[in-house]
Amino acid sequence: MQRFGYFIVFLSTFLFLFSWNANASGVVAADAISLNGNIQLTIKNQDQLNALKEIQTNNLISLSIYCVELEVFSNTPRIPSMSEFFTTITNQKPAVQLIKTISLPQQQNISFPINYNLQYQINNIDYPNLKLNNYYIIFSQINNNEKSRTTFNGWYRKGYLEGFLPIQFTQNINQNSFNLLVEGVTPFPLEEKRFKDNGVLRKIKGYTVLSLYGNETERSYAHGYLLSSQIIDFLKYYLLEGDGSNNLIYNYLNVILPVLQNSFYFDKTFTSEVNAMYQGMIDSGVDLYLIELNRKFLPIDIIAINAYIEIEFIQRYGVPQLENQKLFNYLKSRFNGNANKKLKACSQFAIWSSFTTKHCDSQQYGNLISGRNMDGEIDYKRATVHLFLISSIHSSIASDKRYISVMWPGFIGTLSGVNEDGVYTMMNYGISSNLSPKWSESVITTWIVKNILQKTSLSQATPNNVLSLINKYNSGAGGACVTGCVLFITRRTSINDTMNTPPAFVFEGDYTNGMMRSPGYSFPWFINNAIGATNHFQLYGVDPSDKYATKNFGRTNDFSSMWRYTVGINPIAVWDRIEKQEFNCFDKIKESLQRAAHGSTEHSVIFRPQNNKSIKLDIAVAANTFTAWDAPYLNWITYDFEELFHH
């Protein structure tokens, strides 16, 4: 990591220590031990500066430095998970408070980036609990509040966007080398922005909405033009920095991008949208150079954002089998996966018919309600919270359905959406029958989901029709979802529904095959008007004797997925038994989502088609502050489908 230059700066600084393992052994050193370093705070653009000004008090900004003691197992320090880390530091109080001030520039036409520098020192004189020979990590953040539109933080590490580098306190410790770079996410602007008639970016009820109109290239160009800085930051702080794993940049450049370029098929429409988005970013005037990658942001980086699900499979399990055996052997020798990499943990549930005739209002009577937790897309900069984006897509092709996507900047495809006919499609991570699958002529999952939403009318939203559409994207190995996926599809219904197919069903598939699961084919088997899904299969890859689907393809399923399925679906089963008691059906779905959350839910969505043909969407997003991600327990905002389109 580079040594940063020094500037005269005044900051409000809190320096304090807390112990990750209160019972860890160790003694306070007889002689003084200390470490020193420099913190460089970098403000990249006007949107970041504006967001920092909003949390000033009398020109005062607070910067906290945490020295976190680590547990040690088998002589190896354990880095806590993000949820553990933020839950712990949120509950700590500073032992010492040093007050300094920084005055942010007030004038216009400022040259960016702006750099501020601060010297710091941590020692066992001011902090007697520091223990000789124990391991620590150093983390710094600008203190924000629930209204903050950005998160600035950084930590001691060996290189750009790398994970924590533990420090062992010794009397011979290098005193002046522990430098930190504190950066932040570029927030969405507060004021409305537009590009011609093709794109409008605005706030509606507190969240940012991007409304896009026109053909594929017109919409994508406007997207890139209006959100260029945010697209870059999503790549940097979610995809590359993410959960604080090490070597992500090396693996991204030398393993992941070659896999994307050699195992996926991108049709002309997708490619034209990628190129149009990139041109919009260029024409916006934003600096595309990424010092972390030692190159400019490129169209392949847009593809990588849209393929983040497939990328995370590679990060966990290593390089999949490729057609080019020589390339496969070469990439496999460079990276073989990280078994500690956590995959996504989404949950979805739906109810209809008797559930909504007894306990819902007249507009919901007999119709359907479905909900999802988007769970596991979390990062230290909280990019997936600050950059949460609702997109309304209106194609100029008459046969295309208008749809709402709930994702982040840079996505041409989607994993969560609802169309104008009342068809809902959202994806959960699934299981692969082989942890070293063959990827050949594959299609990324976000593109498949986007096309289901854009091409499926209400009358076409049946298990057979949707399965036929999914099969059009089968890879060379035979299946559409190369990572393993669970696609949750629901549609509006009514008490007089004549379609003769269930209004909710689930696709379970991987790189070789897949199948539809209808209600009643998994627990609770006796209920035909509710269905749920998490991250394991209930039917595909399950032995018929395995009543509760504890294994897929002979491998024991992840405890979290089985636990979330059980605690989410069980209240629905209880509700079915207690028919005389009055329930609010919206609150019941919300309860299922709350029960299935476990501190990593960045946002939650509830879909409620109404009997007057309108559609309501209820959305909750995790907190902006330094805590766990508990979206379904927080404030829910209700939108009408049509209000998200700019007329």
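Start in the interior of this predicted model by selecting Y252, L260, F297, Y308 and L487: these are the residues with the most contacts inside the largest nonpolar core, which has 90 residues. Now add helix α4, residues 228-241, to your selection; with eight residues, α4 gives this core its largest share.

Before leaving, color the second core, which is separate and has 52 residues, V68, F139, V486 and L644 among them.

Next, zoom in on Y252. Leaving aside residues up to four places away in sequence, Y252 touches L235, L239 and L240, then L257 and P258, and also L293, R295, I300, D301 and A304.

Two helices make the next stop: select α7 (residues 299-306) and α8 (residues 308-317). Their axes lie 5 Å apart and the helices pack at an angle of about 80 degrees. Angles of 65 to 115 degrees count as roughly perpendicular, so that is how α7 and α8 sit relative to each other. Show side chains here, and you will find A304, I305 and N306 of α7 meeting Y308, E310 and I311 of α8. Sorted by class, this contact has four nonpolar residues, one polar and one charged.

For the last stop, go to helix α1, residues 46-54, and pick out its buried residues: Q48, L49, A51 and L52. Look along the axis: these residues cover an arc of only 165 degrees, so they are on the same side of α1. What do the buried residues of α1 pack against? Select the strands β2 (34-43), β8 (135-142), β9 (152-155) and β11 (180-184), together with α4, and you have their partners. Helix α4 is also where the largest share of the first core came from.

Key. Residues numbered from 1 in each chain as written. Predicted model: local features only at pLDDT ≥ 70, side-chain atom pairs only at ≥ 80, totals over all residues. Heavy atoms only, no water. Core = buried A, V, L, I, M, F, W, Y, C linked by side-chain atoms within 4.5 Å. Buried < 20%, exposed > 50% of the residue type's maximum accessible area, 1.4 Å probe, protein only. Helix = DSSP H or I, 4+ residues; strand = E, 2+ residues; numbered from the N terminus. Contact = heavy atoms within 4.5 Å. Axes fitted to C-alpha atoms, helices over the stretch in contact; angles between N-to-C directions. Parallel < 35°, antiparallel > 145°, perpendicular 65-115°, else oblique. Nonpolar A, V, L, I, M, F, W, Y, C, P; charged D, E, K, R; others polar. Arc of directions from axis to C-beta.
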